[in-house]
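Reader: Hello! I would like a close look at a single part here, the inside of one chain, and I hope you can walk me through it.

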Amino acid sequence: MTKVRGAHVYWNPITETLPRDKLMELQLRKFQKIVAWAYEHSKFHRQLYQDAGVEPGDIKSWDDIRRVPKVEKSMMRQIQRKDPFPYGDMLCVPLERVTEFHQTSGTTGQPVYQADTWQDWEWWSEAWSYIMYAQGFRDTDRIFLPFGYNIFVAYWAGHYGGEKMGCEVVPGGVLDTEARILKMQELRTTALMATPTYVLGMADTARSMGIDPAKDLQVERILCAGEPGASIPATKQRMEEAWGAKVHDHVGATEIGAWAYECTAQPGGLHVNEALFLIELEDIVTGESIAEPGRRGKLIITALDRMGQPCIRFDSKDVTEWAEEPCPCGRTFRVIKGGVVGRADDITKVKGVLLAPSAIEEVVRSFPELGDEFEVEVTKKGDIDAISLKVELRPEAEGQRESVETRLVEQLRLKTNLRYNLQFHDYGTLPRYVLKSKRFKDLRPH
Amino acid sequence: MGDGDIDKHMLQEMDDRIQSIKKAALELQELCGGIQAVYRNADRILASVKMLEINVSDVLDVL
């Protein structure tokens, strides 16, 4: 068997190095097909498109894509919990074709249910195979998954993607953190998948057990998801140093799929998987399409091959910008600079200043004297906003409190244009999270 | 074993095999007389065939 060029680098060199004009043609054709499929099989989509005066045959060019109405999560909430129960009219297949149930975490409101057929579930693990291969996972890896295996899609697809790639997958389900660390040590696992918060928390716990993850465990690569941390340089550095491993980010969502990934070149951003998704970037305020690099907008995402409960022009509210340079890895898939830097509905005004919570994380995590955990609270006293930041000083830095405070105030002011009420807490007393963290609390009455 | 380039002919050959597998799996479902052990396993083959189409056949359409 003659191997084709790139077969050892890319999960699929056919799609991942396709010239951009061909890639765009492929996406347009697939978009036309998925819109036609949804129009024919889902009452919700047919009504949505009819109300907008659009029929599948009207989509003839890339410009026409924007004529198709966007779908918001709130629209999904309205139609769910009705027949076909519990998914409602967005479902494109008979209920008996549905084999997987998952739901969103409900961080922004009532959870949304997501149906997948077995074919869709294959598609999920296909998307994860693209991610994992790009991040250096191979069939020689033994992956540990410290994940609760529950109704949230989280690392379920990572588990199946790992199996598809021929890796050995160790399900670390109901074990507590200490037991998980001991199991990883016992099995000499080479890879780990978890949220950045939990990756840092595990390292902390390991050290308290007398185990140095960088020296005593054999993890070479860590795949992160669920939070932006692995795309925040200071957080990524903390994780890589703690574990002596390469850390890579990826982005996905229950109702979309796993749509972007960092490759081993670590280009300071994530590749959009343009073989499986069509990604549009638009201005948060005007809705104007953004094609050029360097201008932030929110992402509108279409999963091109998800059939059971399609995701067509979904308003993800994820905020990012296109990167300037192509990635040295050779993939022709575009790169979003710095990953997802926030959510359109997370970026909030405090004291009249626009604030993205990830900017605070970048500052806090750049201080080696501080622990991994922090918490931000925004409150209102009368007409005036107040913002407080709780941090933990590491025990070994106890004598440097004043110096840390001075530098932290200065850096926060430089990076976020805000002055904070700083509160130092004893090390280990702020909440620790296993899945998505809730470090930013906006307690102002709305 | 050296490196070769991907060309349209190679994709066409792969697509031919993919369509053969799809046809055989669909025929199995027709032939099985409702035997679940056959029908469901053929169904899983078809889901994998769809992934092959995504990775190979769909691309062939734009080359």
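Reader: Of the contacts in chain A with a separation of 6 or more, what share comes from residues 24 or more positions apart? Please take me from there into the nonpolar core.

Author: Happy to! Please keep in mind that this is a predicted model. In chain A, 67% of the contacts with a separation of 6 or more join residues that are 24 or more positions apart. The chain that makes these contacts is built from 13 helices and 21 strands. Its radius of gyration is 22 Å, close to the 22 Å that the globule rule gives for 446 residues, so chain A is as compact as a globular protein of that length. Along the principal axes, its C-alpha atoms fill a box of roughly 70 × 65 × 45 Å, and 45% of the 446 residues count as buried.

Now to the inside. The largest nonpolar core has 100 residues, and V199(A), I222(A), W259(A), F277(A) and I301(A) are those with the most contacts inside it. Helix α6(A) gives this core its largest share, 9 residues. Take V199(A) as your starting point: leaving out residues up to four places away in sequence, V199(A) touches A194(A), I222(A), C224(A) and M239(A). One of these partners, I222(A), is itself on the list of residues with the most contacts in the core. Another core lies apart from this one, with 14 residues, including V364(A), V378(A), V391(A) and L412(A).

Finally, a look outward. Chain A and chain B each give 21 residues to their contact. On the side of chain A, α6 (118–134) is among the elements that give two or more residues.

Notes
Residues numbered from 1 in each chain as written. Chains lettered and ligands numbered in written order. Predicted model: local features only at pLDDT ≥ 70, side-chain atom pairs only at ≥ 80, totals over all residues. Contact = placed C-beta atoms within 7 Å. Helix = DSSP H or I, 4+ residues; strand = E, 2+ residues; numbered from the N terminus. Rg over C-alpha atoms; globule rule 2.2 N^0.38 Å. Buried ≥ 20, exposed ≤ 12 C-beta atoms within 10 Å, placed from the backbone. Core = buried A, V, L, I, M, F, W, Y, C linked by C-beta atoms within 7 Å.
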